[in-house]
Amino acid sequence: MFFTTTSQAQDAWVIKAGKIDASKYYGITVANGMIGIVSAPEPFQVKNVVLAGAYDLYGRGRVSNFLNSFNLLNMGLTINGKDINAGNISNFKQELDMQHAAFTATFDFGDVASVKYTYYSLRQLPFTVLMDVTVTAKKKSDIVVSNAMAAPDALRDVQNYYNEVDGAHGVISLLTSTAKSPTGKLQLCASNSFLFAEPQGEEPRITHEMFDNNMHRMHFKKAVAAGQSYRFSLAGSSITSAHDVDPLNEAERLTIFAKLQGADRLIKFHNAAWDELWTSDIKIEGDPQAQQDVHSMLYHLYSFSRAGTAYSPSPMGLSGLGYNGHIFWDADLWMFPGLLALHPEIAKSMVEYRFQRLSAAKQNAFEHGYKGAMFPWESADSGVEETPVWALSGPFEHHITADVALAAWQYYCVTQDKQWLIEKGWPILSATADFWASRVERNGPGQYDIKNVVAADEWAENVDNNAFTNAAAIVNLQNATAAAKLLGYKADPDWMLVAQNIPILKFPDGVTKEFASYKGEGIKQADVNLLAYPLKLITDQAQVKKDLEYYETRVPNEGTPAMTQAIFTLLYARLGNGDKAYHFFKDAYEPNLNPPFRVIAETKGGTNPYFATGAGGIIQSLVMGFGGLEITPEGIVQIKSTLPSNWKSLTITGVGPDKKTYTVK
């Protein structure tokens, strides 16, 4: 049975939660590619605040972990002497407007007042958030509004400041905190200020209160007459020494900058930035629920990434501390292609992340006795291996190196940016090709074996001649050779010699064999099927179908991630079987949904949302599967594909550097 929410979600852009049940509540994230704010089931609270790029060694596995930042949006509201909480309000509703990345909650406090608040992770200001509040009094209401700045448990040496900056615009009150990360490596800072609509000199007076070392707050009082509405806002900035050499002062400067813009201008510029993002969209005619779900997937991919950075999203994006915030093949193979087609400027940040860590990958290859560059399975800020020692994927899941190279080649293919290929793409492609030439064991013609790897199907540990690893290595070597030719460089002739001799194994009946000792066991995720897409090493449709029909029966119903069914979807759409493609499209995510916002977990029945990797796979199934878009060395072209019978049309807008539109009916 597929999952449904209490609200029959047919709105293309708004996901509504009409009944908030804290015991079955999985928050939804508002993010701008730098700050992620995860919703909570209590009024005026947020679950946590996550900053891209902020890592330190603590907790799990002696490796770098994402840090929770200061929870700068938590507020308190007292009306006529009573503190507002989930137990004494009614009609509490929450909704996410995906079009403008705005999270809104509304509730009633008896017959006294109704309240509405909306918060934003401002798209135009990477380190700044805004909460906009309106209290409408039905009876005379004396309100007290507080904003508390609390340090998460892992932080230490917390220092709290309250500053008042006096200027031409009156007094700017700043609630500011700074702390060190667990080892002292990072300084994390946050600063907040209230924004008022009253004329200068008539704003409410702000009082500061110090609690303990870990928390302080500021508050103001206001009398609201019956029938009147009172609006105010809170702007805050959070930044660390990973982002700025002087984070404490910069947090305050950025908050002052936001305060003097004013709430209306901040929201206007934020909305304009999201309108620009949504010029690249996927529109489904004939399936309103799928349309909303696809907008949610795109919304999360857009929210978790940002142009102009050198950051790449982790499997859970900015929705929490899942997978320690590390970067895996999830970014390069699953999230990157869809973002590349729709927003090449965002994809550029992701491949820049890898380029800036190329020297660490070369050191990693050296440590393992190989040449060239060997990218780590899990990567954080430095680019060294960050996989906990107990996970064998760290030393053995080598296909990641070819996945990074594939993304670099695809970036050139879509943008045709030859200067970028010279400066960034070629160094990645050539160093990764050198790695594979040294990684193979040369056992004669057709037997350049790649032994002892963890497969893309990670239940297969320490196997020989894994189909995906071998095929990805071949494609890496071929693309490096093609890049050399394009640039007029002399390719190492050994690359193509190696590529031509890496084996792709088969069963006697012709089905591609996942690895040398494979005997039909259950698989965690697609492995062989990736040879048809994205590797395009298997192009014969009969072979693609044969491999699909075999491996789709090898995926159990539990414990497998959403990307597998996404690849089945894509390939069946290209093979002309729209209804079988639709079955796998629904199966990829509907059993993974959690209430009340239909957030995707990693596995069926899982509870660890938001799984951005799955969203990336499903977006590819739409763009490259049902939509038939193909990345070629000459750019994006459209090939034949098939829609589900219940869809009238699929339109993909804003594709590639030229922002083209493609439609399938």
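Helices (H or I, at least four residues) and strands (E, at least two) are taken as DSSP runs and numbered from the N terminus; by this convention, Arg598 is placed in the loop between β22 and β23. All views below show a predicted model.

**Figure 1. Confidence across the predicted model, with the segment of residues 1–7 in close-up.** The average pLDDT of the protein is 96, and 98% of the residues reach a score of at least 70. Over residues 1–7, in contrast, pLDDT stays under 50. For this segment the model has 13 contacts beyond four places in sequence. Where pLDDT is low, predicted coordinates should not be read in detail.

**Figure 2. The largest nonpolar core, viewed around Leu622.** This core comprises 215 residues. The members that touch the most other members are Phe194, Trp329, Phe585, Leu622 and Trp647. Neighbours within four places in sequence aside, Leu622 is in contact with Ile282, Ile284, Val294, Phe585, Gly627, Trp647, Leu650 and Ile652. Apart from the largest core lies another, of 11 residues, including Leu122, Leu195, Ala258 and Leu266.

**Figure 3. Buried and exposed faces of helix α6, residues 358–367.** Leu358, Ala360, Ala361, Asn364 and Ala365 are the buried residues of this helix. Viewed down the axis of α6, the buried residues fall within an arc of 155°, and they therefore line one face of the helix. An α-helix has 3.6 residues a turn, so residues three or four places apart point the same way. Turned away from the buried side of α6 is a face that carries the exposed residues Ser359, Phe366 and Glu367. The cover over the buried residues of α6 includes α5 (344–355) and α9 (418–439). Just after α6, Gly369 adopts a positive phi of about 80°.

**Figure 4. Packing of α5 against helix α8, residues 399–415.** The two helices pack at an angle of about 145°, and their axes are 10 Å apart. The crossing of α5 and α8 is left-handed. On the α5 side, the contact is made by Pro344, Lys348, Val351 and Arg354. From α8, the contributing residues are Ile400, Val404, Ala407, Ala408, Tyr411, Val414 and Thr415.

**Figure 5. Surroundings of Arg439 in helix α9.** With a relative accessibility of 4%, Arg439 counts as buried, because the cut-off for buried residues is under 20% relative accessible area. Residues up to four places away in sequence not counted, Arg439 touches Tyr370, His398, Asp449, Ile450, Lys451, Asn452 and Val453. Met374 is 65 residues from Arg439 along the chain, and the C-alpha atoms of these two residues are separated by 9.8 Å.

**Figure 6. Surroundings of Thr469 in helix α10, residues 467–487.** Thr469 has a relative accessible area of 0% and is buried. Sequence neighbours within four places aside, the contacts of Thr469 are with His399, Trp436, Ile450, Val453 and Val454. Ile450 and Val453 also appear among the residues that Arg439 touches. Between Thr469 and Gly383 the separation is 86 residues in sequence and 21 Å in space, C-alpha to C-alpha.

**Figure 7. Cis peptide bonds and the positive phi of Arg598.** A cis peptide bond, with omega about 0°, joins Pro595 and Pro596. Pro596 is in the loop between β22 (593–594) and β23 (599–600). The loop between β22 and β23 also holds Arg598, a residue that is not a glycine and yet has a positive phi of about 55°. Arg598 is buried, at a relative accessible area of 4%. Another cis peptide bond runs from Pro609 to Tyr610, with omega near 10°. Tyr610 is placed in the loop between β23 and α15 (612–626).

**Figure 8. The positive phi of Asn80.** Asn80 is in the loop between β6 (75–79) and β7 (82–83). Phi of this residue, which is not a glycine, is positive, near 50°. With a relative accessible area of 39%, Asn80 is partly exposed.

**Figure 9. Leu321 in the loop between α3 (288–303) and α4 (329–342).** Leu321 is partly exposed, its relative accessible area being 29%. Residues up to four places away in sequence not counted, Leu321 touches Val50, Tyr58, Phe66, Leu67 and Asn68. Leu321 and Gly87 lie 234 residues apart in sequence, and the distance between them, C-alpha to C-alpha, is 29 Å.

Technical notes: Residues numbered from 1 in each chain as written. Predicted model: local features only at pLDDT ≥ 70, side-chain atom pairs only at ≥ 80, totals over all residues. Heavy atoms only, no water. pLDDT = per-residue confidence, 0-100. Contact = heavy atoms within 4.5 Å. Core = buried A, V, L, I, M, F, W, Y, C linked by side-chain atoms within 4.5 Å. Buried < 20%, exposed > 50% of the residue type's maximum accessible area, 1.4 Å probe, protein only. Arc of directions from axis to C-beta. Axes fitted to C-alpha atoms, helices over the stretch in contact; angles between N-to-C directions. Left-handed = near helix turned anticlockwise from the far one by under 90°.
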